[in-house]
Amino acid sequence: SRRRHTRLQGDWEFRRVLFRSWETLQKEAIQCCEYLGMDISGPLSISTEGAGEGSVDGSTRKLAIDQLEELRGAVAQHAMSLKDQSSRQVKSFQNRDKLTTAWLQCLPGPEGMGNSTFSEAMALVLCLPSPACKNRVGQKIKNKTVDIYGDNIMSAFLPGDSWRTKHDCVKMQISSLCKWARLGSDTEVFGLFSHLIPAQALTRIESGRKRQGLVPDFRLSFPSPMGGLDFRLAELKMLNCCLTRYPSSAGGNVTGVDRRANLLQNEYTRKVRKIDDTITEEKPGPLERRLNEYGSIMGLVFGAFGEGSYDVHQLVQTLAEARMRFVGATRGVPGSDHEMGVIIAQIRRRLSLVVFKSQVGCLLSRIHQVGENTQLAKKREWVAREDERMKMERRAQFYRNVEGVQTLRKGQIKVA
């Protein structure tokens, strides 16, 4: 433009900085195009004097950066296509999203990470060998051996409650975010289906969660476009890096978390149909009709690389919108797009941090069971036997209550 041309003639320092900056951007763009075997085009193909093609609305910077980011993405995609598709680096690149690195923006504090946790988290993001596993590689863990990334430790069936602990840490964080955003939510929803099961059928079902029919992790209430609220059920899943969830032949079209989330609806339907078959011949049964009232199941799935499923990102957006509505109603002024972006970034940081802490914490809590340690082996055997004994005791108590057998009768036990 005439203004830029005048400034170029009068301000030599500005001219020098502009030429150097634009040439740096052009150089990177040219190198990317040469690597990809294509000719450069677009905003970065224009010389410095014609940069922006006369634009004065500030859009030149956005166009140049967008083109450069697209070229960088194309270079990374092409480089990954040349590597072994079963390698961890390729799997991580194909599955990672904004949640994978959002925790790096968190500030140090009481809810942050310790040294060992931070080292493991950085190794997980950069696809480096696990520092905690480096001295245990090759040792036995159940029927497998420890790998350099610790994936076999994470996926092995071991005594303890580390998987549930990892799951519940993320579940409590999501529940906390829903309360903060003023989004209606219920956690561990009991009683949604149990009232539909007749008393006669309940006697044939084991005690505990099975007598509830289904216990979803969440029941969320969303504002309806027609007014009122829409209720949806949500299930939380945490994935480990194994061939079941991250197969080598999967490709990058569907991520591991979305593939797992897509299975949840059929799993829920199969469970309620199994219960319906025991109480009625009607198709669909009462539990399946009740399930259909909530629509499709939201699959809140977090992967081994900290990534989230599609429904996770939709929930982040919904939480931010609910928070903006609350803030706007409180102060009487609607929020701006900038405020929305700040809230979304904050939610991503909180979710990303707790996912990585739970993933790494699970690994560190299980690693002591690696090896042929005699004491640990005896402890695992004792835990397995104790679990079986407790299960049999609970079953005996349940049968006694169902059948009405009174094991203690007045006058049969002498107390003196």
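This is a guided tour of one predicted protein model, with suggestions for what to select at each stop.

Before selecting anything, note that residues are numbered from 1 along each chain as its sequence is written. Because the model is predicted, local features need pLDDT of at least 70 and side-chain atom pairs count only at pLDDT 80 or more, while totals for chains, interfaces and linings use all residues, and side-chain values use heavy atoms, with hydrogens and water left out.

**The whole chain**

Begin with the entire chain in a cartoon view, where the secondary structure comes to 15 helices and six strands; helices (H or I, at least four residues) and strands (E, at least two) are DSSP runs, numbered from the N terminus. Of the 416 residues, 38% count as buried, where buried means under 20% relative accessible area, exposed means over 50%, and partly exposed lies in between, for a 1.4 Å probe and protein chains only. If you switch to a surface view, the chain exposes about 24700 Å², and carbon and sulfur atoms supply 54% of that area (accessible areas come from the Shrake-Rupley method with a 1.4 Å probe, and for residues only the protein chains shown count as cover).

**The nonpolar cores**

Next, select I174, L300 and F302, which have the most contacts inside the largest nonpolar core, a group of 30 residues. A nonpolar core is a set of buried Ala, Val, Leu, Ile, Met, Phe, Trp, Tyr and Cys residues joined through side-chain atoms within 4.5 Å. Colour α8 (162–181), β4 (218–223), β5 (229–238), β6 (298–302), α13 (310–331) and α14 (337–366), since each of these elements supplies at least two residues of this core. Then keep L300 alone in view and, leaving aside its neighbours within four places in sequence, look for its contacts (heavy atoms within 4.5 Å), among them I174, F218, A234, L236, V312 and L315. A second, separate core of 14 residues can be found by selecting L192, I197, Y268 and I275, which are included in it.

**Aromatic rings**

The structure holds four aromatic pairs; rings of Phe, Tyr and Trp (its six-membered ring) pair if their centres lie within 6.5 Å, and planes under 30 degrees apart count as stacked, over 60 as edge-to-face and the rest as tilted. Select W103 and F356, whose ring centres are 5.2 Å apart and whose planes stand at 35°, so the pair is tilted. This pair links distant parts of the chain, with W103 in the loop between α5 (98–102) and α6 (115–126) and F356 in helix α14, 253 residues apart. Both W103 and F356 are buried, and adding F118 to the selection shows a cluster in which ring pairs link W103, F118 and F356.

Move on to Y246 and F305, an edge-to-face pair with 5.5 Å from centre to centre and 75° between the planes. Here Y246 lies in the loop between β5 and α10 (256–261), whereas F305 lies in the loop between β6 and α13, 59 residues apart, and both residues are buried.

For rings with a charge above them, select R88 and Y149, where the charged end of R88 sits over the ring at 4.5 Å from its centre. A charge sits over a ring if NZ of Lys or CZ of Arg is within 6 Å of the ring centre and within 35 degrees of the ring normal. R182 likewise lies over the face of F326, at 4.0 Å from the ring centre.

**Salt bridges**

A salt bridge is a side-chain nitrogen of Lys or Arg within 4 Å of a carboxyl oxygen of Asp or Glu, and by this rule the count comes to 17. Select E28 and R72, which form one with closest N and O atoms 2.7 Å apart; E28 belongs to helix α2 (residues 12–36) and R72 to helix α3 (residues 59–81), 44 residues apart. Then select D186 and R219, joined at 2.9 Å, with D186 in strand β3 (residues 185–187) and R219 in strand β4. Finally, show D161, R164, D168, K171 and E188 together, as these residues are linked in a network of salt bridges.

**Unusual backbone**

Most residues other than glycine have a negative phi, and most peptide bonds are trans. Stay with E188, in the loop between β3 and α9 (199–202), where phi is near 50°, a positive value. K142, in the loop between β1 (140–141) and β2 (144–145), also has a positive phi, near 55°. End at K283 and P284, which are joined by a cis peptide bond with omega about -10°; P284 lies in the loop between α11 (264–279) and α12 (286–292).
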